[in-house]
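Please open the model in your viewer and keep the selection panel at hand. The stops below go from the whole chain to individual elements.

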Amino acid sequence: MNKGAAIEVEDLVKVYGDRRVLKGISFQVHKNEVFGLLGENGAGKTTTLEIIEGLRKATSGSARVLGMDSRNDLDRIKERIGVQLQSSAYFEQLTLGEILDLFRSFYRKGLEPRELLSMVGMEDRVHMRVSQLSGGMKQRFSIVAALVNDPEVVFLDEPTTGLDPVARRNLWELVRSIKERGKTVVLTSHYLEEVEALCERVAIIKEGEILALDTVANLVLQQENPVRLDFLPREALPGEAVSRLSSMGMLKESHGRAGEYTLFLKDLAALKAALRELEPLELDRMAVSTANLEDVFVRLTGSRITGEEEVPAWRAAR
């Protein structure tokens with residue numbers, strides 16, 4: 001066992017009938033890091049978490065949490081992890097404080113309701129019911145409920161799905177605060193900007209296989225052309241300009257705005273040459289940046305990630 005690892009997954013396979021949902025994936029999560037599993041709907045993210053958490057059995061392979069086997073040491077693991085599922089149901093007639101007290105009673109140790117709610121600025125809502133909360137508050141409460149036993153490892157499955165941008169960023173701050181308390185956080189997401197903002201390392205998963213695993217910065221730098229130039233010509237780009245720019249790097253028409261182009265370049269010298277080529281043209285917009293996680297994802301998977309929720313493997317297998 002790696003003493004610096006909070007989670008160790010080795011050759012994990014999950015089969016439903018004739019469908020291989022996980023195809024022998026392996027990875028480690030370091031202690032006190034935020035680790036992300038990024039993938040499209042049905043990629044196997046939720047299935048992976050559920051096997052690690054002991055909610056589902058693997059067909060083969062192993063998963064260890066804090067040195068304990070997810071299959072054989074489940075009772076001990078439950079005392080030391082917190083799990084926030086994609087969707088949660090609570091007792092409608094109980095207050096937030098009563099729900100947290102109930103959850104706390106399942107463990108040998110835990111945090112008081114007001115202390116938990118204060119983490120998300122909701123201590124004054126201890127006597128409210130879940131039905132009285134907004135969508136963002138419900139999500140914050142579902143994460144707080146996963147912290148009731150003061151866990152060492154926290155699993156967040158699509159924690160911001162369905163939230164507006166403001167509520168989503170509030171949840172990001174909560175995730176950061178959990179890490180600051182010394183916890184390890186594992187989250188699944190199909191929001192690229194969320195993974196970029198929160199995760200120290202990310203595994204990109206497609207159809208049950210890990211295609212890449214590294215820091216976001218390293219994944220971007222491994223791109224063949226990591227410098228990105230976005231520009232919007234006022235008029236159609238002349239054919240000669242298209243040819244010359246294409247010879248400098250990889251030129252693509254943008255999916256985000258009609259008439260806009262993105263040119264991927266290998267280094268600063270290539271960027272300077274491209275800027276000289278564009279200088280005589282009338283441009284409505286131009287921006288220079290490094291490639292981002294979306295560029296990496298598209299290159300590795302051949303597709304753009306969607307914003308829909310992942311279909312659980314057990315449901316897809318029916």
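Before selecting anything, consider the contacts of the whole protein: among those with a separation of 6 or more, 69% are between residues 24 or more positions apart. The model is a predicted one, and in it the C-alpha atoms fill a box of roughly 70 × 45 × 40 Å when this is taken along the principal axes. A cartoon view shows 12 helices and 14 strands, and colouring by accessibility would mark 49% of the 318 residues as buried.

Select next the strands β6, β7, β8, β3, β9 and β10, which in that order form an open sheet of six strands with mixed pairing. At its edges lie β6 (81-84) and β10 (209-214), each of which pairs on one side only. Looking across the sheet, you can follow a twist that averages 15° from one strand to the next.

Within this sheet, narrow the selection to residues 34-38 and 184-189, that is, to strands β3 and β8, which run parallel and are joined by five bridges. If you pick L37, its bridge partner in β8 is T188. Now add residues 165-180, helix α6, which packs on the sheet and touches β3, β7 (153-157) and β8. The direction of α6 makes about 155° with that of β8.

Move on to helix α3, residues 96-104, and show its side chains. Which residues of α3 are buried? They are L96, G97, I99, L100 and F103, and because they cover an arc of only 160° around the axis, they lie on the same side of α3. To see part of what covers these buried residues, add α4 (113-118) and α5 (135-145), which are included in that cover.

For the last stop, select residues 239-248 and 268-278, which are helices α9 and α10; the two pack at an angle of about 175°, and their axes are 10 Å apart. Angles over 145 degrees count as roughly antiparallel, and α9 and α10 are therefore roughly antiparallel to each other. Showing the side chains at this contact brings up A241, R244, L245 and M248 from α9, which meet A270, A273, A274, E277 and L278 from α10. Sorted by class, the residues in the contact of α9 with α10 are seven nonpolar and two charged, with no polar ones.

Definitions and conventions: Residues are numbered from 1 along each chain as its sequence is written. This is a predicted model: local features need pLDDT of at least 70, side-chain atom pairs count only at pLDDT 80 or more; totals for chains, interfaces and linings use all residues. Side-chain values use heavy atoms; hydrogens and water are left out. Axes are lines fitted to C-alpha atoms, for helices over the stretch in contact, and angles run from 0 to 180 degrees between N-to-C directions. Helices (H or I, at least four residues) and strands (E, at least two) are DSSP runs, numbered from the N terminus. Angles under 35 degrees count as roughly parallel, over 145 as roughly antiparallel, 65 to 115 as roughly perpendicular and the rest as oblique. Contact means heavy atoms within 4.5 Å. Ala, Val, Leu, Ile, Met, Phe, Trp, Tyr, Cys and Pro count as nonpolar, Asp, Glu, Lys and Arg as charged, and the others, Gly among them, as polar. Two strands pair if DSSP finds at least two bridges between them. Buried means under 20% relative accessible area, exposed over 50%, partly exposed in between (1.4 Å probe, protein chains only). The arc is that of the directions from the helix axis to the C-beta atoms.
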